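Here are a few exercises to work through with the model open. Try each one before reading its solution.

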Amino acid sequence: MTVPAIRIASVTKSYGALKALGGVDLEIGQGEFFGLLGPNGAGKTTLISALAGLVRPDGGVLEVMGHDVVRDYRNARRNLGVVPQELVFDPFFTVRELLRIQSGYFGIRGNDDWIDEILASLDLTAKASSNMRSLSGGMKRRVLVAQALVHRPPVIVLDEPTAGVDVELRQGLWQFVRKLNRDGHTIVLTTHYLEEAETLCGRIAMLKAGKVVALDTTDNLLRRFATHSLRVKVGQPAAALALGGVEVDGGWVEFAFDSFAEVEQVLARLREAGAGVMEMQLGEPDLERVFIEVMHRV
Amino acid sequence: MSERVPRIEVGAEAPWVGFRTLLYKEVLRFWKVSFQTVMAPVLNAVLFLLIFSHVLDRHVTVYGDIAYTTFLVPGLVMMSLLQNAFANSSSSLIQSKITGNIIFVLLPPLSYREFYAAYVIASVLRGLFVGLGVLLVSIPFVELQLAYPLWVLSFAVMGGAILGSLGVIAGIWADKFDQLAAFQNFLIMPLTMLSGVFYSIHGLPQLWQDVSHVNPFFFMIDGFRYGFFGQSDVSPWLSLGVVGGCFVVLAAITLAMLAKGYKLRA
């Protein structure tokens with residue numbers, strides 16, 4: 001039986017009175033592109049930090065490729081690459097020096113062929129001899145990704161890698177990460193950009209107050225929680241509101257339903273009520289709606 | 001990226017590479033700014049030497065017939081060595097903590113013992129570089145003998161290791177530069193200055209001689225000086241015992257802090 005890339009069982013962590021993780025259970029299979037979502041303070045970064053050995057859990061078990069992150073930390077860490085949320089760097093070194101040093105920390109010498117390949121993939125070759133201080137924010141972000149990959153980890157965790165990043169870099173980064181996933185790497189992503197998570201992640205867990213409140217494939221989540229919507233601009237808003245619509249911005253009234261087959265019925269009722277439809281828009285279910293729905297329900 | 005995702009083989013890496021890399025990084029870190037980390041302390045020590053020798057050399061002799069400036073040089077060498085050993089580990093750690101790049105050392109599979117050894121050995125090396133620098137630039141000013149080189153080396157290495165360990169403790173404990181400066185100015189500096197760098201404790205009133213005997217820095221400098229002159233205020237074996245004991249205690253405290261992940265792994 002294949003071991004899961006990540007196994008998290010009954011993990012708890014408190015900071016004084018604050019319960020950051022209240023018994024998290026999660027299993028991520030090898031080769032998955034997995035999204036970890038939640039509002040600020042939900043416990044995403046604490047969970048990732050516990051997985052990376054930066055935070056010691058109060059209870060529970062965390063494993064990377066079958067290796068316990070506390071008892072067998074050396075093997076767990078060899079299998080894990082983490083791209084941290086903060087834009088941190090060591091100002092004393094050039095990009096290449098930094099990547100060689102990072103390789104050495106993982107016990108790897110003579111890693112230049114692989115370093116060259118990573119630099120080329122991240123469009124950093126021209127900056128290899130530049131000091132970290134001289135790089136732009138976007139370049140520094142790419143170096144962080146490169147640092148997480150020097151030891152060729154099968155599991156890669158990206159903690160909000162696109163926060164404050166411009167569109168071009170974001171696109172390039174996702175292209176690269178998708179390629180890594182196609183090559184067999186397991187990717188775990190936390191992000192506040194829900195569109196990204198919807199497009200990239202095959203499965204998603206949502207955290208709230210240190211607990212997993214939703215865990216399913218992205219498609220299932222969209223099916224289970226999200227509703228289709230019809231927005232209409234009408235001459236008689238009161239008539240539309242009387243039919244169960246909800247007033248939204250700019251004088252529009254919104255109707256929610258489970259399938260588009262219901263659109264005709266809604267329009268027929270509006271016509272009968274003399275609401276006078278002037279404009280209309282159809283809304284597809286999206287992860288943002290799912291997220292809001294889940295966070296309000298639980 | 002032509003290769004498929006690798007299978008990581010357990011224990012596949014060459015042994016000690018992680019430790020050696022961290023040591024190399026720590027040495028490279030201070031070497032890249034050696035004007036600040038090596039040259040500046042050497043210049044400071046030379047200024048001390050010039051001023052004190054000019055003022056006191058004709059008025060003071062120590063251990064019978066040793067000129068004051070000659071007596072002063074080993075003390076200055078050791079003082080510079082100790083202060084810089086402390087500065088190395090403490091400044092490296094607090095900078096890494098405050099800028100956040102400490103994460104690059106915490107994510108890899110390095111043990112807390114490797115972490116400790118790398119930071120302390122780098123501190124000893126910086127201390128030795130600075131100490132050697134002070135010694136070399138002092139040679140034109142004094143006729144220095146070297147009675148027992150092994151004693152000199154033993155006290156230099158152990159003193160550097162003690163201050164390197166103290167630097168690790170301070171660097172981990174301090175949350176801001178202000179706290180580290182307090183550690184340095186209110187603990188390290190007074191203990192160094194009152195350790196007999198500039199005088200023999202036999203010239204002090206009895207009370208201050210007794211106070212000196214509870215200052216471990218006194219034993220580091222007195223033992224180190226014995227290696228040069230073959231004479232000291234107390235037995236070099238006693239100094240070796242005190243210094244060795246201090247190192248064992250501090251190493252144990254530092255290792256316990258690192259094993260627990262104090263302020264590094266929340």
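**Exercise 1.** Leaving aside its neighbours within four places in sequence, which residues is B:Ile162 in contact with?

*Solution.* Keep in mind that this is a predicted model. Start at B:Ile162 and skip anything within four places of it in sequence. What's left is B:Val243, B:Cys246, B:Phe247 and B:Leu250. Now zoom out: B:Ile162 is listed with those having the most contacts inside the largest nonpolar core, and so are B:Met220 and B:Val243 from chain B and A:Leu51, A:Val143, A:Ala146 and A:Val157 from chain A. That core has 147 residues, and helix α3 (residues 68–99) of chain B brings the largest share, 15 residues. There's also a second, separate core of nine residues, with A:Ala240, A:Val253, A:Phe255 and A:Val266 among them.

**Exercise 2.** Why is one side of β2 and of β5 in chain A left without a neighbour in the sheet?

*Solution.* First, write down the strand order: β2-β1-β4-β5 in chain A, an open sheet with antiparallel pairing. Next, look at the ends: β2 (18–28) and β5 (67–68) of chain A are at the edges with a single partner strand each, so one side of each has no neighbour in the sheet. Finally, check β5(A): two bridges tie it to β4 (residues 59–64) of chain A, and A:Asp68 is the bridge partner of A:Glu63.

**Exercise 3.** How many residues does each chain give to the contact?

*Solution.* Chain A gives 35 residues and chain B 29. On chain B's side, α1 (17–31) and α4 (103–106) each give two or more residues, with α1(B) giving the most, six. By type, that side splits into 17 nonpolar, six polar and six charged residues.

Notes
Residues are numbered from 1 along each chain as its sequence is written. Chains are lettered from A and ligands numbered from 1 in the order in which they are written. This is a predicted model: local features need pLDDT of at least 70, side-chain atom pairs count only at pLDDT 80 or more; totals for chains, interfaces and linings use all residues. A nonpolar core is a set of buried Ala, Val, Leu, Ile, Met, Phe, Trp, Tyr and Cys residues joined through C-beta atoms within 7 Å. A residue is buried if 20 or more other C-beta atoms lie within 10 Å of its own, exposed if 12 or fewer, and partly exposed in between; C-beta atoms are placed from the backbone. Helices (H or I, at least four residues) and strands (E, at least two) are DSSP runs, numbered from the N terminus. Two residues are in contact if their C-beta atoms, placed from the backbone, lie within 7 Å. Two strands pair if DSSP finds at least two bridges between them. Ala, Val, Leu, Ile, Met, Phe, Trp, Tyr, Cys and Pro count as nonpolar, Asp, Glu, Lys and Arg as charged, and the others, Gly among them, as polar.
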